[in-house]
Every structure is written in structure tokens, then in C-alpha cells.
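Work through the exercises below with the structure in view. Try each task before you read its solution.

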Amino acid sequence: MEKEIRIPYNTSLDKMVKMLLTAKNRGESVFCRYNGVVFHSDTITMDNAYIRMFGCTKAEHKKKWRNWNKKRYRDFYSR
């Protein structure tokens with residue numbers, strides 16, 4: 001039987017995935033709710049979690065975030 005684990009408030013997506021993978025390595029079958037999305041320890045991967053949350057892999061998300069942040073920085077300092 002799957003058991004629900006509570007994810008502390010303000011936990012990052014990466015840390016949540018690591019918590020589920022740790023439980024999986026211990027042989028536990030657990031699930032958690034993260035921002036309204038249910039994740040299971042038996043099917044979780046880092047890229048799977050990012051795809052379900054953001055619609056892209058972790059590498060793609062990181063690249064998009066960097067580009068957005070660079071643009072924001074340029075726009076702020078080009079005034």
C-alpha cells in the first residue's frame with residue numbers, strides 16, 4: 001500500500017524528487033502532492049517531474065530561466 005509523505009512548505013522541486021527517490025531506494029512505495037500535482041516514488045524521475053510541472057525537461061527549464069533572467073537584467077540596466 002502506498003503511503004503519502006508530507007513535503008515541507010517551501011521545498012524545491014529538486015529536493016522533493018530526491019525525497020521520493022530516497023524512499024524508493026529504501027523499498028518504500030510512497031507518493032506526495034506538490035503544488036497540486038501527485039508524484040509517485042515508483043515512477044518519478046527529475047525530467048518527468050519538470051515536464052509535469054513546467055512542460056519541459058530540467059535542462060530546458062534552466063536554459064529558459066537563464067535567458068529570461070538575462071533579458072530582465074539587460075532591460076533593467078539599459079534604462
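## Exercise 1: A threonine in a loop

Threonine 11 lies in the loop between strand 1 (3–4) and helix 1. The model is predicted.

Task: decide whether threonine 11 is buried or exposed, and find which residues threonine 11 touches beyond its neighbours up to four places away in sequence.

Solution.
- Step 1. Take the relative accessibility of threonine 11, which is 13%.
- Step 2. Compare with the cut-off: buried means under 20%.
- Step 3. Threonine 11 therefore counts as buried.
- Step 4. Leave out residues up to four places away in sequence; threonine 11 then touches Met16, Met19 and Tyr34.

## Exercise 2: A phenylalanine in a strand

Task: place phenylalanine 39 in its element, then state how accessible phenylalanine 39 is and what it touches.

Solution.
- Step 1. Find the element: phenylalanine 39 sits in strand 3, residues 37–40.
- Step 2. Read its relative accessible area, 0%. Buried means under 20%, so phenylalanine 39 is buried.
- Step 3. Skip residues up to four places away in sequence. The contacts of phenylalanine 39 then include Met16, Leu20, Val30, Phe31 and Cys32. Tyr34, Ile44, Ala49, Arg52 and Met53 are also among them.
- Step 4. Link back to the loop: Met16 and Tyr34 are among the residues that threonine 11 touches, and both are touched by phenylalanine 39.
- Step 5. Check one separation. Lysine 15 is 24 residues from phenylalanine 39 along the chain, and their C-alpha atoms are 13 Å apart.

## Exercise 3: The whole chain

Task: describe the fold pattern of the protein chain and explain why the chain is more spread out than a compact globule.

Solution.
- Step 1. Count the elements: 3 helices and 3 strands.
- Step 2. Put them in sequence order: β-α-β-β-α-α.
- Step 3. Compare the radius of gyration with the globule rule. The chain has 16 Å, well over the 12 Å given for 79 residues, so it is more spread out than a compact globule.
- Step 4. Add the spans of the C-alpha trace along its principal axes: about 60 × 20 × 20 Å.
- Step 5. Add burial: 25% of the 79 residues are buried.

## Exercise 4: Confidence

Task: find which element has the lowest mean pLDDT and which the highest.

Solution.
- Step 1. Start with the chain: its mean pLDDT is 94, and 99% of its residues reach 70 or more.
- Step 2. Go to the elements. Helix 3 (residues 58–77) has the lowest mean, 91.
- Step 3. Helix 1 (residues 13–25) has the highest, 97.

Note on methods
Residues are numbered from 1 along each chain as its sequence is written. This is a predicted model: local features need pLDDT of at least 70, side-chain atom pairs count only at pLDDT 80 or more; totals for chains, interfaces and linings use all residues. Side-chain values use heavy atoms; hydrogens and water are left out. Helices (H or I, at least four residues) and strands (E, at least two) are DSSP runs, numbered from the N terminus. Buried means under 20% relative accessible area, exposed over 50%, partly exposed in between (1.4 Å probe, protein chains only). Contact means heavy atoms within 4.5 Å. The radius of gyration is taken over C-alpha atoms; the globule rule is 2.2 Å times the number of residues to the power 0.38. pLDDT is the predictor's confidence in each residue, from 0 to 100.
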